[in-house]
Amino acid sequence: MMADQRLAALRRRLAGEDAEVALVTTPANMRYLTGFEGVFDEGVNAACVVSAEVARFYTDSRYEVAAREAATGTPWAVHIQKDSMYVEICAQLMSEGVGTLAIESSVPYGRFKFISEQFQGRVLASEHWVEGLRQVKEAVEIEAIEAAAGLTDRAFDHILAFLRPGIREVDVAIELESFMRRNGSEGVAFDSIVAGGPNSARPHAGVSRREVSAGEFLMMDFGARVAGYCADMTRTVVMGVASDRHRTVYEAVLAANEAGIAGAKAGMAGCDIDAIARDLLGRAGLAESFGHGLGHGLGLAVHELPGVGRLSREPVRSGSVITIEPGVYLPGFGGVRIEDLVLVEDGGVRLLSHAPKELIEIQ
Ligand code: ZN
Ligand code: ZN
């Protein structure tokens, strides 16, 4: 049923764009269109071919059993490649007299060029055809994101009891990730960021072997994955006793996070949601220290549409799941980011992250 509706939506787009066939090879887009579970691992080699009449799923023998099982009872026909997948797809389309093929603009240039050379018809680049559908979530998707967010909240609770001054960033990351996996996460949604002291002043610091001392911020950005769907949350704590400077920065970021959550609602442009938090930090004299966008859409991918940054002019639609994650980064001192997941609704947003946000000191 789910796959039927998603296919129907892509077919309407095809008709509207005057293209006969859409070739979809981005794993998250394939997963969304087919609804298949247990097929799309990191290295998956597959393609979806969709026209008004057909829905074909191409993959190789490694995925044959999983794909045939997943496709049972769906509109999808599974084809196992014998030779080169794109050569076979193009040959079949040409033999059927297809004249126009839409290829996702996000595919690597080499693949785009190769397919364009194989297919002797008109080729056009489709931009965000499936991503555009993915940004408004169905109930079943929201359920999965909520489950991932709940597990992420629990991991934060768990880590609070584990933290102590002098702990290494890497040990915190391993503990967070193993907690999530032991409790039902499919791997992790993305590489965790665990950054202490001066490292926390780098928004995407990663994880080092450095020990985090008393008197330093510790920023943790992590997320579980459930049924393919991501969670994404950041919390920042203080090791030992917080100084006045820690408190000032923390309170400013928390106020920006809460203002963003209170002010966001469906129909606003991403940049206008961003501006709520950015203006507040600006009034605190911290605008220069907030370099990234306020948030991003999230779903099967940890970063997807809609954009929620300074350049995001598109309206955020009801049913989107986005992050609200203001941050302030002070080189040499440290940084604070507080990130929550929210479901955008008509009159406001529903909070999906429930981990505590008051300033926590780890003694
Ligand atoms: Zn994050
Ligand atoms: Zn994020």
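Asp 221 is buried, at 4% relative accessible area (buried means under 20%, with a 1.4 Å probe and protein chains only). Asp 221 also supplies two of the donors to the zinc ion (ligand 1). This is a predicted model, where local features need pLDDT of at least 70 and side-chain atom pairs count only at pLDDT 80 or more, while totals for chains, interfaces and linings use all residues. Residues are numbered from 1 along each chain as its sequence is written, ligands are numbered from 1 in the order in which they are written, and side-chain values use heavy atoms, without hydrogens or water.

**Zinc site**
- Asp 232 (OD) and Glu 339 (OE) join the two Asp 221 OD atoms as protein donors, at 2.0 to 2.5 Å from the zinc ion (ligand 1); donors are N, O and S atoms within 2.8 Å of the metal (3.2 Å for Na, K and Ca).
- The angles run from 56 to 147°, so the four-donor arrangement is irregular; four donors count as tetrahedral if all angles lie between 85 and 135 degrees, and as square planar if opposite donors are over 155 degrees apart and all others between 65 and 115.
- Asp 232 coordinates both zinc ions (ligands 1 and 2), which sit 3.1 Å apart.
- Glu 339 is buried too, at 0%.

**Second largest pocket**
- Asp 221 turns up here as well, among the residues nearest the centre, along with His 204, His 296, His 303 and Glu 325.
- A pocket is an open set of points on a 1 Å grid over the protein atoms alone, where a 1.4 Å probe fits, with protein on both sides within 12 Å along at least five of seven lines; lining residues have an atom within 4 Å of a point.

Technical notes. Tetrahedral: all angles 85-135°; square planar, octahedral: opposite > 155°, others 65-115°. Buried < 20%, exposed > 50% of the residue type's maximum accessible area, 1.4 Å probe, protein only.
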